[in-house]
Amino acid sequence: MRKATSNLLHTAGHHSWLSEVRCAKYGTASALTKDRYNVQRGNYATLTDRDVSFFEQIVGKSRILTDAADVEPYNADWLHSVKGYSQCVLKPKTTEEVSAILKYCNERLLAVCPQGGNSGLAGGSNPVFDEVVISTSLMNNILGFDSLSGVLSCQAGCILENLETHLEKHGHIMPLDLGAKGSCQIGGNVSTNAGGLRLVRYGSLHGSVLGVEAVLANGDVIDCMSKMKKDNTGYHLKHLFIGSEGTLGLVTKVAINCPVLPKSVNVALLGLESYEKVLETLKTSKRDLGEILSSCEMMDRESLQAVEDNLKLRVPIKDCPFYLLIETSGSNSTHDEEKLAQFLEHALDKNMIIDGTQASEPSRIKQIFELRERLGEGLLRDGFLNTYDLSLGVKDFYSIVPDLRDHLKNFSNVVRVSGFGHLGDGNIHLNVTSKAYSKEILQSIEPFIYEWTAKVGGSVSAEHGIGFKKRDAVHFSKSTRAIELMHQMKKVMDPNGILNPYKVLPELPITN
């Protein structure tokens with residue numbers, strides 16, 4: 001290992017930064033969900049011409065899609081892993097229209113599938129059978145922003161990147177940042193309790209979201225659009241909708257607390273020789289950077305190899321087994337750069353890192369973050385991607401990757417097993433790519449990784465939600481009684497079960 005020197009770190013200028021990356025979507029799933037996963041259709045009504053005519057009265061002919069080619073993009077996810085056969089997509093613009101649609105569907109026993117930007121990874125936003133898709137894409141109005149309190153209110157269909165752009169003009173930012181922000185919608189973010197790159201600094205949406213408006217299955221509108229940061233008036237009903245993935249109600253509006261835009265942003269991409277060094281560097285970064293640490297992302301070599309091979313992006317430092325992407329955000333560039341420099345000098349002197357690059361100029365920061373934000377896209381281009389979103393203690397954070405790699409060693413069609421994620425909050429994205437979908441590989445991965453996660457006290461879902469693909473794994477993280485209580489809540493709020501069926505909740509009774 002080379003002697004540590006300060007010129008090991010290549011620096012650029014300083015400026016505030018806003019990433020601009022779009023989440024690509026490719027093709028459609030080759031098999032229907034019901035066949036691939038052997039699912040039985042619920043006892044719901046089938047769409048008729050009379051139903052379509054009624055919906056036209058609500059949204060007009062221009063905001064209802066029934067042509068197969070027009071509906072197809074709403075049926076499948078971008079991972080090619082789930083696919084329904086809905087024949088109807090509705091595009092309401094107002095809460096009142098959503099209310100009228102759901103009231104009618106509830107009376108007719110028509111199952112519905114709420115959908116935002118369709119960028120989810122757990123199959124939560126796509127129909128499983130022929131559910132009516134309710135797209136919030138036209139509910140995209142920003143309702144107001146209070147620059148004094150920092151509270152933004154908007155409709156659920158607002159694209160995250162558009163909200164970020166709007167807030168930047170007022171000197172604020174969204175408290176979450178995702179690789180899919182060019183297409184994901186805030187209603188979907190709230191409904192899945194999305195985490196993202198800034199959670200280590202600003203916390204989860206359960207803390208940032210001050211209020212929501214949601215429509216229940218029977219059309220009742222629940223107005224919990226409080227903009228107060230303190231509100232102790234009874235049960236916090238808004239939390240029922242944050243993370244429930246449209247199974248309890250369809251979120252139509254959101255009020256969210258938005259932090260002040262940092263004046264100084266710096267990033268460092270570091271190369272490390274072992275996971276032990278990763279942990280040592282994480283501990284040091286928390287101590288040395290303190291209040292300005294805003295993101296700490298870990299990537300293994302296999303993950304970055306995918307973006308190099310498949311997307312032709314260049315990693316600006318030497319090949320290393322592990323990489324850390326550290327971001328600082330503050331209000332004083334001189335102070336922040338000094339703290340970051342001291343941290344990097346310390347890490348070099350203690351031989352924690354073997355190579356690195358530092359940047360504070362916006363274009364350089366964007367280039368570095370692009371490596372992290374396009375990892376999913378790069379992996380998907382291997383062929384087929386099985387991806388898992390887990391919460392693990394930082395000591396166990398990476399151990400699951402070599403264990404799974406060894407577990408799958410006899411599958412010749414596995415391209416790579418890799419891991420990356422939000423080290424600062426213990427959220428790893430575990431990935432297995434293969435040349436094509438393989439039922440045998442899937443059956444070998446599951447329930448192996450869920451059993452592994454349960455043994456170390458982790459969670460089978462950290463930020464992507466449960467959706468369709470993880471509903472039978474919930475019992476690895478929740479007790480039977482807790483699941484029964486969730487079913488009781490579902491029965492109260494959606495007695496006919498029309499809202500996003502086949503998602504989130506496993507069937508009862510639970511068998512461990």
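Biologist: In what order do the four strands of the open sheet stand?
Modeller: Happy to walk through it, bearing in mind that this is a predicted model. The sheet is open and its pairing is mixed. Reading across its four strands, the order is S2-S3-S5-S4.

Biologist: Which strands stand at the edges of that sheet?
Modeller: An edge strand here has a single partner strand, so one of its sides is left without a neighbour in the sheet. That description fits two strands, namely S2 (64-65) and S4 (112-115).

Biologist: And which residue of S5 stands opposite Val89?
Modeller: Strand S3 covers residues 89-90, and two bridges join it to S5, residues 132-135. These two strands run parallel. Opposite Val89, in S5, stands Val133.

Biologist: Are helices H10 and H12 roughly parallel or antiparallel to each other?
Modeller: The axes of H10 (residues 275-289) and H12 (residues 333-349) come within 10 Å and cross at roughly 150°. Angles over 145 degrees count as roughly antiparallel. The two helices are therefore roughly antiparallel.

Biologist: How many residues of the contact of H10 with H12 are charged?
Modeller: On the H10 side, the contact is made by Thr281, Thr284, Ser285, Arg287, Asp288 and Leu289. H12 brings Lys339, Leu340, Phe343 and His346. Sorted by type, these give three nonpolar and four polar residues, and the charged ones number three.

Biologist: How far apart are the end C-alpha atoms of residues 82-261?
Modeller: The unreviewed UniProt entry annotates this span as "domain: FAD-binding PCMH-type". In the model, the span is 24% helix and 22% strand. Its end C-alpha atoms lie apart by 38 Å.

Key. Residues are numbered from 1 along each chain as its sequence is written. This is a predicted model: local features need pLDDT of at least 70, side-chain atom pairs count only at pLDDT 80 or more; totals for chains, interfaces and linings use all residues. Side-chain values use heavy atoms; hydrogens and water are left out. Axes are lines fitted to C-alpha atoms, for helices over the stretch in contact, and angles run from 0 to 180 degrees between N-to-C directions. Angles under 35 degrees count as roughly parallel, over 145 as roughly antiparallel, 65 to 115 as roughly perpendicular and the rest as oblique. Contact means heavy atoms within 4.5 Å. Ala, Val, Leu, Ile, Met, Phe, Trp, Tyr, Cys and Pro count as nonpolar, Asp, Glu, Lys and Arg as charged, and the others, Gly among them, as polar. UniProt positions are given in the numbering used here, feature names are shortened, and annotations may be inferred rather than shown by experiment. Two strands pair if DSSP finds at least two bridges between them.
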